[in-house]
Amino acid sequence: MEQSSPPPYRRIVDTLRRRIEAGELTPGDRVPSTRRITQEWGVAMATATKVLTTLRQEGLVRAVPGVGTVVAEPQRTTRGGPATRERRPSGTDSGLSRDSVVRAAIRVADAEGLRALSMRRVAAEFGVSSMALYRHVAGKDELVLLMADAAFRDLELPEPAPDGWRERMEAGARLQWELYRRHPWLAQYLSITRPQPMPRAMALIEWTMARVRGMDPVTLIHMALTLLGFVLSTAAGFEDDLEAEQETGLDQDQWMATMEPVFEGILTSGSYPMYAGVSGIDADVVSLDSIFEFGLARLLDGMAALVDGPPPGAPGSPAVGDHGPHERHL
């Protein structure tokens, strides 16, 4: 009897698995999005969604907020069974310390979001009661503050540092962006209006602004907070996406696939020409990363007009041969 061929989604899963096992796709590499799968293999969006769902269920890929679906780190396996987490005997806090509690809490928040974080949830990582944690931290509020401080403590400033004010501000913004990508909960925890006492975070902002000269203190702090606010507000999407995935079980590509028929109806109505203009363009063209890159460049362009003054020939700039109001003739 002739053996039936596997369904289309399974053939695509097998192909991507072979690429991962062969090292063509390594941990952290993006795998094709649902839209890309429909284009390359000529399958329906539902089939493409099932491909990524199957790969996730098999532990081969994982969703990264603001990035997409990437190859997962290989899981450790134990003899005769799947990967396991080492746990300490229940009822003892042997091996617990403030640092180990903070690090465990960071792992939980990175994977599940800040809303999922609780003293009980962190205690489960050690196989102890939540009361054992209170010997090392006062409660969740202190724990999250320690987590944020630890995240900034792990940040390494580039050496040598950029000399130009624009290059330094851009480098500082990118350091923050990558930090918030690694810890999606961090951007939403930080506040401009009610800042927490975190010297290490303040040190990064000081470093970022260190090459801006000639600004009065009030203007300088406004420049710093404007840059910080832009990065924070954009990076808040990392946590939003992580929490949405926890609630729905759908990563970004899968969610967009389910919404596509609804958006298609809106776009074809003719009432939204700007949105309709990007209909059919690869979804990767507009992402949190592209919004960050575009916004950062425009923000620094505006800062340049303040720091360097308008370019020669621009309205408001002095004509060639003119002297500024504070320049004296010798």
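## Val 122 and its neighbours

Let's start with Val 122, which touches Val 101, Ala 104, Ala 105, Leu 117, Leu 133 and Leu 143 when residues up to four places away in sequence are left out. Please keep in mind that this is a predicted model.

## The nonpolar cores

Val 122 also stands out in the largest nonpolar core, which has 60 residues. Together with Leu 143, Met 147, Met 169, Tyr 180 and Leu 186, Val 122 touches the most other members. Helix H11, spanning residues 217-248, supplies the largest share of this core, with nine residues.

There is a second core too, separate from that one and made up of 16 residues. Among them are Leu 16, Ile 20, Leu 52 and Leu 60.

## Where H4 meets H7

Two packed helices are described by the angle between their axes and the distance between the axes. For helix H4 (residues 98-112) and helix H7 (residues 140-153), the axes come within 9 Å and cross at roughly 85 degrees. An angle from 65 to 115 degrees counts as roughly perpendicular, so H4 is roughly perpendicular to H7.

On the H4 side, the contact is made by Arg 98, Asp 99, Val 101, Val 102, Arg 103, Ala 105, Ile 106 and Ala 109. H7 brings Glu 142, Leu 143, Leu 146, Met 147, Ala 150 and Arg 153. Sorted by class, this contact of H4 with H7 has nine nonpolar residues, five charged residues and no polar ones.

Some names return here: Val 101, Ala 105 and Leu 143 take part in this helix contact, and Val 122 touches each of these three residues.

## A closer look at Thr 208

Thr 208 sits in helix H10, which covers residues 199-209. Is Thr 208 buried or exposed? Its relative accessible area is 1%, and buried means under 20%, so Thr 208 is buried.

Within its own helix, the side chain of Thr 208 reaches the backbone oxygen of Leu 204 at 2.8 Å. Leaving aside residues up to four places away in sequence, Thr 208 touches Arg 168, Met 169, Gly 172 and Leu 227. Of these, Leu 227 is 19 residues from Thr 208 in sequence, and their C-alpha atoms are 9.8 Å apart in space.

Terms used. Residues numbered from 1 in each chain as written. Predicted model: local features only at pLDDT ≥ 70, side-chain atom pairs only at ≥ 80, totals over all residues. Heavy atoms only, no water. Core = buried A, V, L, I, M, F, W, Y, C linked by side-chain atoms within 4.5 Å. Buried < 20%, exposed > 50% of the residue type's maximum accessible area, 1.4 Å probe, protein only. Helix = DSSP H or I, 4+ residues; strand = E, 2+ residues; numbered from the N terminus. Contact = heavy atoms within 4.5 Å. Polar contact = N/O pair within 3.5 Å; in protein donor to acceptor, adjacent residues only side chain to side chain. Axes fitted to C-alpha atoms, helices over the stretch in contact; angles between N-to-C directions. Parallel < 35°, antiparallel > 145°, perpendicular 65-115°, else oblique. Nonpolar A, V, L, I, M, F, W, Y, C, P; charged D, E, K, R; others polar.
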